[in-house]
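Work through the exercises below with the sequence and the coordinates side by side. Each task is followed by a solution that goes step by step.

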Amino acid sequence: IGKTTLVNFIQYQWSKGLLFSDKFKYIFTLKLRELRSNEFFKELSKIKRISLNEWIFYSLFSSSLKEEEFNLIWEEEIKSSIENKEILIILDGFDEI
């Protein structure tokens, strides 16, 4: 089983309530290969430093949510889940950077 396949399996099992559902309210997978992508850097060239919420937004939600909508969700839901250690962030492709 490959690393990315394992990551996808973990996410799928979590989404079905079969793995880590009692520990994590959210699971985010950030693909490190995006850091080398021209499109990713084009978006982020406007920002000198990128925060975790910006990285998650641009990587996972920018095609489906407006940034303002995501920021509202971040402030109302995700931020407190981070403080309560209810978020798992998986960095996929560490060997690709």
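The exercises go from the fold as a whole to the aromatic residues and then to single positions.

The model is predicted, so local features require pLDDT of at least 70 and side-chain atom pairs count only at pLDDT 80 or more, whereas totals for chains, interfaces and linings use all residues. Residues are numbered from 1 along each chain as its sequence is written, and side-chain values use heavy atoms, with hydrogens and water left out.

**Exercise 1. Describe the protein chain as a whole.**

Step 1: Helices (H or I, at least four residues) and strands (E, at least two) are taken as DSSP runs, numbered from the N terminus. The protein chain holds 4 helices and 2 strands, which follow one another from the N terminus in the order α-β-α-α-α-β.

Step 2: With buried defined as under 20% relative accessible area, exposed as over 50% and partly exposed as in between (1.4 Å probe, protein chains only), 27% of the 97 residues of the protein chain count as buried.

Step 3: Contact means heavy atoms within 4.5 Å; of the contacts in the protein chain with a separation of 6 or more, 58% are between residues 24 or more positions apart.

**Exercise 2. Classify the aromatic pairs.**

Step 1: Rings of Phe, Tyr and Trp (its six-membered ring) pair if their centres lie within 6.5 Å, and planes under 30 degrees apart count as stacked, over 60 as edge-to-face and the rest as tilted. By this rule there are 7 aromatic pairs.

Step 2: The ring centres of Tyr26 and Phe28 are 5.9 Å apart and their planes stand at 5°, so this pair is stacked; both Tyr26 and Phe28 are buried.

Step 3: Phe57 and Tyr58, by contrast, form an edge-to-face pair, with 5.2 Å from centre to centre and 70° between the planes, and Phe57 and Tyr58 are buried as well.

Step 4: One aromatic cluster is formed by Tyr26, Phe28, Phe57, Tyr58, Phe61, Phe70 and Trp74.

**Exercise 3. Set Gln11 against Gln13: which of the categories buried, partly exposed or exposed applies to Gln11, and which to Gln13?**

Step 1: Gln11 is placed in helix α1 (residues 3-15), and Gln13 is also placed in helix α1.

Step 2: Gln11 counts as partly exposed because its relative accessibility is 27%, whereas Gln13, with a relative accessible area of 15%, is buried.

Step 3: Leaving aside residues up to four places away in sequence, Gln11 touches Ile27 and Thr29, while Gln13 touches Leu18 and Leu19.

Step 4: The side chain of Gln11 also makes a polar contact with the side chain of Thr29 at 3.2 Å, the term being a pair of N or O atoms within 3.5 Å, of which, within protein, one must be able to donate a hydrogen and the other to accept it, and residues adjacent in sequence count only if both atoms are side-chain atoms.

**Exercise 4. Describe the surroundings of Ser81.**

Step 1: Ser81 is placed in helix α4 (residues 67-83) and is buried because its relative accessible area is 0%.

Step 2: The side chain of Ser81 reaches the backbone oxygen of Glu77 at 3.2 Å.

Step 3: Not counting residues up to four places away in sequence, Ser81 touches Lys25, Tyr26, Glu86 and Ile87; of these, Tyr26 belongs to the stacked pair of Exercise 2.
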